[in-house]
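This report looks at how strands are paired and how charged side chains meet. The structure under discussion is shown below.

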Amino acid sequence: MKRGVLIASGVYLASSVALAAWLLPAGREHSPVAFAAPRENAKWGAGNHATVDLRNLALRQARVWTPTDISAVDLAGNPPDATGLLSQPVVRCRYLDGPASGTTAKFDCVLPDGEVVKVKYGNTGEIHAEIAASRLLTALGFGADRMYMVPRVRCYGCVRTPYYTMKVLDYVHARERLVRSVPEDSYTDFEWVGVERRLEGAEIEAGDHDGWAWHELEPVDPSRGANRAERDALRLFAVLLAHWDNKASNQRLMCLSPSAPDGRACARPFAYINDLGATFGPNKVKLDHWSKAPIWKDRGRCTVSMRQFPYKGGTFPDTEISEAGRHLIARQLTGLTEGQLVALFTAAHFPEFHGGRGTAADPKSWAAVFLDKVRQIADAGPCPS
């Protein structure tokens, strides 16, 4: 019995040492750049917190769309990079410890100038979905966080699998011990990752209100905020993308004007979808599923629904789209060419996600399904309202 215990203890110790050694960062070098202290994301309101009344007022007055020239949009390239820090051959950042939330492998990382970005890595469709969906929303005039497809991120202080490692360590209450043991000059490289920069502005939160639910768009004041056509255009495009994971925290309310120190109302509130990982499905980046997802619940009445998706629609209620809203999004969508769409799905690495084989690995197939959905929208009118 004693011998068996000793053997078991030895195996456990050896496996623990081996696992710890494997989890530690893969490389060592002194970073050629210095890292500033991380800058916190801006929050609206005095004390970085808005009252519920100010938050509700901001949502009632929020815009959701601005006119754009879609013919001039380059869907194949990353968004503009004013600092140049995300355009380097090797993007360097320092790991920022924080909660391992959600289900996608990701971590926060500090760039040399102190900006905090989110890095998504691994074989997950969310990276490709967010790259494509965010570029489309921006091109069409809606808001979106800026998503960059980056060939290599060198993360100093990162273990090899930071997200899953921290999940496990949190479970056994051992995170702090590992974080302290990682040498400052160690790094792990992550290849072909999605790097997320937030839309510029100050986030508006109040109490338990994190983001906004789709049913809250109904009382928006068209004299100050988005009119019905703009709100309906956003709803209709969300259906096209199959944005079924639409809990309130996946839509963000931002103030685009400078923060008022006395807590006055935001002068330029803006509402947008900030988490687009669960799109092009409902199973993420699945062509056959996405192609079968209908645009209309009732084409004659121009009714849309997400009840056929997971969560039975979530915060998205069945809605009758106005003719003005259908016309607005149809006008924008028909401005996209097949060439632009093929370039988009190619740049978002849809072929690589599907292993370069089969119909789902062909960007032209994705473009064809997209254009068919555009046709369903363009040919549906006129809507009753």
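## Strands β7, β8 and β9

In this predicted model, Glu203 has Met254 of strand β8 as its bridge partner. That contact belongs to the antiparallel pairing of β7 with β8 (residues 251-255), which extends over two bridges. The two strands are part of an open sheet of three strands, arranged in the order β7-β8-β9 with antiparallel pairing. Its edge strands are β7 (202-203) and β9 (269-273), each of which pairs on one side only.

Glu203 also takes part in a salt bridge, its partner being Arg252, with the closest N and O atoms 3.6 Å apart. This pair links distant parts of the chain, since Glu203 lies in strand β7 and Arg252 in strand β8, 49 residues apart. Both partners are withdrawn from the surface by the 20% cut-off for buried residues: Glu203 is buried with a relative accessible area of 4%, and Arg252 is buried with a relative accessible area of 6%.

## Strand β6 and its partners

Strand β6, which spans residues 186-197, is mostly covered, with nine of its twelve residues buried. Ten bridges join β6 to strand β5 (residues 146-156), and the two run antiparallel; within β6, Arg197 is the residue that stands opposite Arg146.

Two further strands pair with β6. Strand β4 (residues 116-120) does so in the antiparallel sense over three bridges, and here Lys120 stands opposite Gly194 of β6. Strand β1 (residues 27-28) likewise pairs with β6 in the antiparallel sense, over two bridges, and Gly27 has Tyr187 of β6 as its bridge partner. In general, strands of a sheet pair through backbone hydrogen bonds, whether parallel or antiparallel.

## A salt bridge at Arg197

Besides standing opposite Arg146, Arg197 forms a salt bridge with Asp81, in which the closest N and O atoms are 2.8 Å apart. Because Asp81 lies in the loop between α2 (52-60) and β2 (91-96) while Arg197 lies in strand β6, the pair ties together parts that are 116 residues apart in sequence.

How accessible are the two partners, Asp81 and Arg197? Asp81 is buried, with a relative accessible area of 16%, and Arg197 also counts as buried, at 3% relative accessibility.

## A pair within helix α6, and a network

The structure holds 30 salt bridges, and one of them joins Asp232 to Arg228, with the closest N and O atoms 3.1 Å apart. The two residues are four apart in helix α6 (residues 228-241), so they are separated by about one helical turn. Their surroundings can be contrasted through accessibility: Asp232 is buried, with a relative accessible area of 0%, whereas Arg228, at 35% relative accessibility, counts as partly exposed.

Salt bridges that share partners also join several residues into one network, whose members are Glu29, Arg92, Arg152, Arg154, Asp189 and Glu191. As a general matter, side chains of opposite charge can pair when their charged atoms come close.

Terms used. Residues are numbered from 1 along each chain as its sequence is written. This is a predicted model: local features need pLDDT of at least 70, side-chain atom pairs count only at pLDDT 80 or more; totals for chains, interfaces and linings use all residues. Side-chain values use heavy atoms; hydrogens and water are left out. Buried means under 20% relative accessible area, exposed over 50%, partly exposed in between (1.4 Å probe, protein chains only). Two strands pair if DSSP finds at least two bridges between them. A salt bridge is a side-chain nitrogen of Lys or Arg within 4 Å of a carboxyl oxygen of Asp or Glu.
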